[in-house]
Amino acid sequence: MEEPALPLGVSCYSKYSSTDTLLTSVTSESGSACRHVMPAGREVRRLSLSQRLRRRKDVLHQRKCIVDISFVLGLTGIVFVIADTELRFSQTISEDSAFSLLLKVLTSVSTACLLLSIIAYHDWRLAMTITKWFKLVFEIIICSFHPLPFHLFSFPTTIVRDGTGGTQVLQKAWLPVNGVLTILMFLRLYLLGRFVVVHSRLFLDTSVQSLGALSRVKINAQFVFRALMSTSPMLVLGSWMVGTFFINSWNLRVCEVYTDPDSQFAMFGQSMWLTAVTFLTVGYGDLVPRSYCARVIASLTGLMGVGSMALSVAVLAKKLEQSRAEKYVHTFVQQVELDKKRKHAAADVVKQAFHIMRHKREGKVHNSSDVIRHRSRMLQAIRVMQEARFHKTALAEFTVGTVEVNTGVNSMQDTVSNIQHEQRTLGQRVANLETLTLAMSRQVMEIRDMLKDKDA
């Protein structure tokens, strides 16, 4: 959707025929500072870093203005189409009326201006690759969908009607081409994503772009949307779900009313209810789309609902999960409570043991009621003490995470390094001791030889 970065100024790519002469020099911008034919020894005028940054800022501002214009034109065309369709569905105007024709003409004009802005958005000063040409053609095709001012042909389709005896009968119907183009016109809402990207601080900040270039991370649309999902997941998912709900409800109603003007989905509330139960994968079965066009939209709504619910569950689980600091605090509190519980149980064990000893000194037998009662309490206190110790051990093992494992590995590595250093030191000392022993042995041999010579 968006290029990762823009060049910081003029880039010249030169071809050499020899070491003395430059044959050609291709610039990335008309009127740039690079010269086409230059003899050897001539200096090429280059832009400074501040000039290149200023030029890049101007290009980004220009692209942002083009995206704003494209977004406004796209929304304007959709508003004109929705107004024309709703007025005709409510029978306020007819399809051949002058006001309907005016709205369609305005839609066509806004679409033509939108196509020009799309062409202007793709920077012709940069080298156009096959991928960029494909993106340009694909965007032009998507943004060119709109209902035309004149009536086109209708192609046959099939709707399902209730027959006698609870059976369903397939009946032939006609779906206007302008109805299909009205539904396909909502594909241009991808411009909303581009609008969000070019107004993001992550995309406009030069320091972020430089950091991404040094880290080999592309600061593009995917990076911006992942950052938004990380910082504001509920806002992104909520906007996506609400927009999908209303757009699919309206498109389903358009399909049903175009194929069958007497459809029960002429009321917008009926289509909203069917979209809601389909999006939430409930499917009560009280309302069923009759046309194949509406069934396709209902199927896509179900798929979107499954994906949105999965993302919502993941985001909710992440939000409910405790942070590392919160987990440490909670674990510490639990360990303190378990320590108190174990100490109280140990005190109960000692207390019940003293009671048993006192009763035995008083002459009571071991199967008396008082001795049995205190012995039962002592066994219960011992069991509580053992359970507290077990839960504390399990809690300590549960709190071990990646950070603790990393700390343990680093500590073990430091210990191993210290042991290896001590081994090397010990080996050096042993080698020095061996050298000293050999020297002493040689000296002893020399003294023995001297004594033998003296005796002789």
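Helices here are DSSP runs of H or I with at least four residues, numbered from the N terminus. Keep that handy for the exercises, and remember that this is a predicted model.

**Exercise 1. Find out where Arg-88 and Asp-84 sit, and whether they are buried or exposed.**

Step 1: Look up the element. Arg-88 and Asp-84 both belong to helix H1.

Step 2: Check the spacing. The two are four residues apart, about one turn of the helix.

Step 3: Check the contact. Their closest N and O atoms are 3.3 Å apart, and the pair forms a salt bridge. The cut-off for that is within 4 Å.

Step 4: Check the cover. Arg-88 is buried, and Asp-84 is buried too.

**Exercise 2. Take the salt bridge between Arg-161 and Asp-260 and work out which parts of the chain it links.**

Step 1: Start with the distance: the closest N and O atoms of Arg-161 and Asp-260 are 3.2 Å apart.

Step 2: Now place the partners. Arg-161 is in strand E4 (residues 154-162), while Asp-260 is in the loop between H9 and H10. With their positions 99 residues apart, the pair links distant parts of the chain.

Step 3: Classify each end. Asp-260 has a relative accessible area of 12%, so it counts as buried. Arg-161 comes out at 33%, so it is partly exposed.

**Exercise 3. Do the same for Lys-392 and Asp-339.**

Step 1: The closest N and O atoms in this salt bridge are 2.7 Å apart.

Step 2: Lys-392 lies in helix H13 (residues 369-398) and Asp-339 in helix H12 (residues 324-361), 53 residues apart, so the bridge again links distant parts of the chain.

Step 3: Lys-392 has 30% relative accessibility and is partly exposed. Asp-339, at 25%, is partly exposed as well.

Step 4: For context, a search of the whole structure turns up nine salt bridges.

**Exercise 4. Decide how helices H9 and H11 are oriented: roughly parallel or roughly antiparallel?**

Step 1: Recall what you need. Two packed helices are described by the angle between their axes and the distance between the axes.

Step 2: Read off the geometry. H9 (residues 233-259) and H11 (residues 292-320) pack at an angle of about 170°, and their axes are 10 Å apart. That makes H9 roughly antiparallel to H11, because angles over 145 degrees fall in that class.

Step 3: Look at who meets whom. Residues of H9 at this contact include Leu-237, Trp-240 and Met-241; on the H11 side, Ile-297, Met-304 and Val-315 are among them.

**Exercise 5. Find where the positive phi values of Gln-91 and Thr-281 occur.**

Step 1: Know the baseline. Most residues other than glycine have a negative phi.

Step 2: Gln-91 has a phi near 60°. Its place is the loop between helix H1 (49-89) and helix H2 (98-121). At 73% relative accessibility, Gln-91 is exposed.

Step 3: Thr-281 has a phi of about 55°, and it is found in the loop between H10 and H11.

**Exercise 6. Describe the nonpolar surface patch that holds Trp-273.**

Step 1: List the members: Trp-273, Leu-280, Val-282 and Tyr-284, together offering about 420 Å² of accessible area.

Step 2: Zoom in on Trp-273. This residue is in helix H10 (residues 268-279). Trp-273 has a relative accessible area of 38%, so it is partly exposed.

Step 3: Zoom out. The accessible surface of the protein chain is about 29600 Å², with 64% of it belonging to carbon and sulfur atoms.

How values were computed. Residues are numbered from 1 along each chain as its sequence is written. This is a predicted model: local features need pLDDT of at least 70, side-chain atom pairs count only at pLDDT 80 or more; totals for chains, interfaces and linings use all residues. Side-chain values use heavy atoms; hydrogens and water are left out. Patches are made of residues with over 30% relative accessible area and no salt bridge: like charges are joined within 9 Å, nonpolar side chains (Val, Leu, Ile, Met, Phe, Trp, Tyr) within 5 Å. Accessible areas come from the Shrake-Rupley method with a 1.4 Å probe; for residues, only the protein chains shown count as cover. A salt bridge is a side-chain nitrogen of Lys or Arg within 4 Å of a carboxyl oxygen of Asp or Glu. Buried means under 20% relative accessible area, exposed over 50%, partly exposed in between (1.4 Å probe, protein chains only). Axes are lines fitted to C-alpha atoms, for helices over the stretch in contact, and angles run from 0 to 180 degrees between N-to-C directions. Angles under 35 degrees count as roughly parallel, over 145 as roughly antiparallel, 65 to 115 as roughly perpendicular and the rest as oblique. Contact means heavy atoms within 4.5 Å.
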